[in-house]
Amino acid sequence: MSIPSTDGRSVVVGLGNPGPRYDGTRHNVGFACLDLLAKRAGMRFADKRQHVFIGEGSLAGQGVVLAKPRTFMNASGLAARYLLDRFGVRPERMLVVYDDMDLPLGALRVRAQGSSGGHNGLNSINAEVGTSAYPRVRIGIGRPAHGAIEHVLAHFSKEEQAVVDEALGRAADAVETWLTEGIDAAMNRFN
């Protein structure tokens, strides 16, 4: 994978569920990462579109669109399709940040492409975009013994939140590395 060009924008999508009820839940770590990136860049999610909240500006010296879908997780593909169409970017220039139950709490995995692993947000994106060939940053939320739905919609304990906060910082660093140096550098540094 090549480094995103400096004359065009890249898109970073954080997955989560909209609304205050879901703030701080495990399923919303993608939103939390985007909030951190927006804070670093001095951006706001001021542009409200049909399927997505958008912040535009510069991050790590690169033109970027930060996006949080306004749809629920299982319809995230509507936002991804809109973003690719609106900004004229190819899927390999759209990085998706999301939660992963198959990773231990706080672990990160950066990939150039891959399967959905059963994640409903990625299933929706793959269906709408027609490919799974887009980069992603997975943030581990751990797997419960039972009750996956309850787990992803639960809030972190105080102890868990400290681990997640550190992981969110590393995930944001991985996104910035992808923007400036490309996916291979991000995978080498953060996997």
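## The main nonpolar core

In this predicted model, the largest nonpolar core is built from 34 residues, and V12, V97, V137 and I139 have the most contacts inside it. Helices and strands both chip in: α1 (29–41), β4 (62–69), β5, β6 (108–111), β7, α5 and α6 (183–190) each supply at least two residues of this core. The top contributor is α5, which gives nine residues. There's a second core too, lying apart from this one, with 21 residues that include A67, L83, M94 and V96. As background, nonpolar side chains tend to be buried together in soluble globular proteins.

Take V137 as an example from the main core. Leaving out residues up to four places away in sequence, V137 touches L95, V96, V97 and Y98, then L108, R109 and V110, and also A171, A174 and V175.

## How the sheet is laid out

What order do the seven strands of the open sheet follow? Reading across, it goes β2-β3-β4-β1-β5-β7-β6, and the pairing is mixed. The edges belong to β2 (47–48) and β6; each has a single partner strand, so one side of each is left without a neighbour in the sheet.

Towards the β2 end of that order, strand β3 (residues 52–59) pairs with β4 in the antiparallel sense, over eight bridges. Here L59 sits opposite Q62 in β4.

## β5 and its two neighbours

Is β5 largely enclosed or left open? Seven of the seven residues of β5 are buried, so the strand is largely enclosed by the rest of the structure. On one side, strand β1 (residues 10–14) runs parallel to β5, joined by four bridges. One pairing to look for there is G14, whose bridge partner in β5 is V97. V97 has already come up as one of the residues with the most contacts inside the main core.

β5 also pairs with β7, again in the parallel sense, this time over five bridges. D99 stands opposite I139 in β7, and I139 is another of the residues with the most contacts in the main core.

## β6, the edge strand

β6 is joined to β7 by four bridges, and these two run antiparallel. R111 stands opposite R136 in β7.

Which side chains of β6 are buried, and which are not? L108 and V110 point to one face and are buried, while R109 and R111 point to the other face and are not. That fits a general pattern: in a regular strand the side chains alternate between the two faces of the sheet.

## A buried threonine in α5

T177 is part of helix α5 (residues 158–181). With a relative accessible area of 7%, T177 falls under the 20% cut-off, so it counts as buried. Setting aside residues up to four places away in sequence, T177 touches G182, A185, A186, R189 and F190.

## The largest pocket

The largest pocket has a volume of about 520 Å³. Its lining takes in 27 residues, and H27, D99, G118, H119 and N120 lie nearest the centre. By class, that lining has nine nonpolar, eleven polar and seven charged residues.

Where does the lining come from? β5 (94–100), β7 (136–140) and α4 (148–152) each supply at least two of its residues. D99 links the pocket to the sheet: D99 is among the residues nearest the pocket centre, and it stands opposite I139 in β7.

Definitions and conventions: Residues are numbered from 1 along each chain as its sequence is written. This is a predicted model: local features need pLDDT of at least 70, side-chain atom pairs count only at pLDDT 80 or more; totals for chains, interfaces and linings use all residues. Side-chain values use heavy atoms; hydrogens and water are left out. On a 1 Å grid over the protein atoms alone, a cavity is a set of points where a 1.4 Å probe fits but cannot get out, and a pocket is an open set with protein on both sides within 12 Å along at least five of seven lines; lining residues have an atom within 4 Å of a point. Grid points are joined across faces, edges and corners, and a volume is the space filled by probe spheres set on the points. Ala, Val, Leu, Ile, Met, Phe, Trp, Tyr, Cys and Pro count as nonpolar, Asp, Glu, Lys and Arg as charged, and the others, Gly among them, as polar. Buried means under 20% relative accessible area, exposed over 50%, partly exposed in between (1.4 Å probe, protein chains only). Two strands pair if DSSP finds at least two bridges between them. Contact means heavy atoms within 4.5 Å. A nonpolar core is a set of buried Ala, Val, Leu, Ile, Met, Phe, Trp, Tyr and Cys residues joined through side-chain atoms within 4.5 Å.
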